[in-house]
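Biologist: Let us go through this model by its open and enclosed spaces. Then we can turn to one helix pair.

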Amino acid sequence: MWAVSEDSHHILHTRLENLWSFLQSKSDLINAHLVDFFTEDTWDRLVPKNLQDELLSLSDSDLSSLPSSTTLQRKRSQATETEDDKEEHKHTLLLNESTDLDSSIGNENFCGKCECEKSQSSLEEFRKEAQQFVLSNSGICASLDEVWRTLGVDTKDEDKQRFVKEHMCVKKSHEVEVLSDVVTRLCQVCQVDQVIDIGSGKGYLSECLYLQHGLTVLGVDASDSNTHGAKKRSQLLERQWTALVNRPRTSADKECINVSEPIREAVAKKGESEVAGKESCSTEHIGEATQQEVSRETTTQKQTRCSKSKDRVSSKQGSFTPTTAYINPDTDLADLVGVSNSDETLADLRLLLTGLHTCGDLSPTMLRLFVTCPQATVLCSVGCCYNLLTEVEEPGAEKEKYGFPLSQLLQTKSVHLGRTARMLSCQAVERISREGRLPAMSLFYRAVLQVIVRDKFGHIDNNKTVGKVAAKSKGFVDYVRRALRRLQLEHADLSDEEINRYFEQYQGKLRHLHAFIQLRACLAPCIEAFILLDRLCFVHEQIGVSHAALVHVFDPVISPRCYALVAIKNDCNIVTSQGNV
């Protein structure tokens, strides 16, 4: 679902309403606090007996993969499922999305066979009910192939160039490589003049867009230390790119043959100026440019803009300007890039807003800016840290600036998730499944500590937290001592032997805690889907947006927050290899 239409509105509204009904039906499980697992008898209170037995019978491998979208179901069904079954299952999923989605709640008959449904276990039914709301199974998201096909982007000769990775971990390298390619293609077909990287941090994405793809990028971050670090890192990478681009001139370095032409030209010019003994126009200079300098650069670029966006992107050197600024829904983006209201180029200025894992309310802020700023014509946003979102009913949430919900649909329903649910939505279920690991022992430590606090102190101040003391502890006794000091409760008369007795008393229920955590984690992707679909619905509700979709861009094992919200406005002149669209 990529084009904005009345049908897309209906599908999104129906999906959100059904998903909210489902989440409300599981609210007790979603909002359970793990620290109270033993003190409130959570296992027997919230998990039905038939589910208890099934969960405890699972192997460690099956239990760790339980929240994954397909692993356990595939293991149990692949021995008997025929190809016809698979095709029918796929057809039914698509049919449900395009017709009567209301019937999906309370009806888990996905395969269309009553005999199959009756034979399913309670655990499989629970998982199947949850899995119908996972984004990958929703039928709503668009693939990158669909986006490029719709925009007329030719991907046959896709450039496989690599950005300098020495200063990035595997996760960051994967994210930067993929998202920079997506942003660059959008800039090409939508005739974008400048990219604004919101929440740019240390400038990883911005640097790649500039150095590898030759784009003009303004990196905006609220932290001055991040901006300073981005400037210093930019200088280092500029030198590395000089060496990298020059390396193909020797016969020994064939691995660098794919360096992009814009960078080859830019660094070659830089080298010539250095030989002549002149100061090069390096990223160091660009990074410290004033807003007036940015304005002059932008005006010049606008005057020399080519009619075809691909020519424009590949013919200019580009730049990266890190700057410190606090972004809010009222920020003047044109002024931020150095174009004033009196500038003749303002009406023609086209901006792409992007952000790689913008935390908490910054993603909703970006969406609001995209809607209200006339110059913002393209959006490519990947959010994260849903636990840091503000909600309208929570203290500190500013009217019309809170992070959730955004859509008019959910606002009229007074939807509220709460921090516990948002924390759950941040689970990396696919990574946990792939690694085959069970929850950390620190969660068990904390739940048993709560029993000690209840028995010895009667009450705990919820405003005080234990923090991450388990990693520093030599064992459970040491953990309890450290934790009680954090809680300012260390005055109790507790011997090591008594603390160990608590541990031994509940050790036999460790498996119960693990099973409960994994069962609850099955709902994590559903909550994330609810948050992201709310954002997509918000964009679809706006006048002037022609295309908007959630696009799966990252490997969820490497980068769990793997969906980008991509949107394009109506007045964006799309240019393809065949001409204007």
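**Pocket, cavity and a helix pair**

Biologist: Which helices each supply at least two residues of the lining of the largest pocket?

Modeller: Bear in mind that this is a predicted model. The pocket has a volume of about 1700 Å³. Among the residues closest to its centre are R419, M423 and L443. The helices that each supply at least two lining residues are α21 (419-425), α22 (429-435), α23 (441-457) and α26 (510-521).

Biologist: Which element gives the largest share of that lining?

Modeller: The largest pocket is lined by 41 residues. The largest share is 5 residues, and it comes from α23.

Biologist: How many residues of the pocket lining are nonpolar?

Modeller: Sort the lining by class. There are 11 polar and 10 charged residues. The nonpolar count is 20.

Biologist: Now the enclosed space. Which element gives the most to the lining of the largest cavity?

Modeller: The count of cavities of 30 Å³ or more comes to 4. The largest of them has a volume of about 70 Å³. α19 (362-372), β5 (376-384), α27 (524-540) and β7 (563-569) each supply at least two residues of its lining. The most, 3 residues, come from β5.

Biologist: How many charged residues are in the lining of that cavity?

Modeller: The lining includes S363, L367, R535 and Y563. By class, 6 of the lining residues are nonpolar and 3 are polar. The charged count is 1.

Biologist: Take helices α24 and α25. Why do they count as roughly perpendicular?

Modeller: The axes of α24 (residues 476-486) and α25 (residues 496-507) come within 9 Å. They cross at roughly 105 degrees. Angles of 65 to 115 degrees count as roughly perpendicular. The crossing angle falls in that range, so α24 and α25 are roughly perpendicular to each other.

Biologist: Which residues of α25 are met by α24?

Modeller: By class, the contact has 5 nonpolar, 1 polar and 2 charged residues. From α24 come F476, V477, V480 and R481. In α25 they meet D496, I499, N500 and F503.

Biologist: Last, the whole protein. What share of the 581 residues is buried?

Modeller: The secondary structure comes to 27 helices and 9 strands. Of the contacts with a separation of 6 or more, 76% are between residues 24 or more positions apart. Buried means under 20% relative accessible area. By that cut-off, the buried share is 54%.

Conventions:
Residues are numbered from 1 along each chain as its sequence is written. This is a predicted model: local features need pLDDT of at least 70, side-chain atom pairs count only at pLDDT 80 or more; totals for chains, interfaces and linings use all residues. Side-chain values use heavy atoms; hydrogens and water are left out. On a 1 Å grid over the protein atoms alone, a cavity is a set of points where a 1.4 Å probe fits but cannot get out, and a pocket is an open set with protein on both sides within 12 Å along at least five of seven lines; lining residues have an atom within 4 Å of a point. Grid points are joined across faces, edges and corners, and a volume is the space filled by probe spheres set on the points. Helices (H or I, at least four residues) and strands (E, at least two) are DSSP runs, numbered from the N terminus. Ala, Val, Leu, Ile, Met, Phe, Trp, Tyr, Cys and Pro count as nonpolar, Asp, Glu, Lys and Arg as charged, and the others, Gly among them, as polar. Axes are lines fitted to C-alpha atoms, for helices over the stretch in contact, and angles run from 0 to 180 degrees between N-to-C directions. Angles under 35 degrees count as roughly parallel, over 145 as roughly antiparallel, 65 to 115 as roughly perpendicular and the rest as oblique. Contact means heavy atoms within 4.5 Å. Buried means under 20% relative accessible area, exposed over 50%, partly exposed in between (1.4 Å probe, protein chains only).
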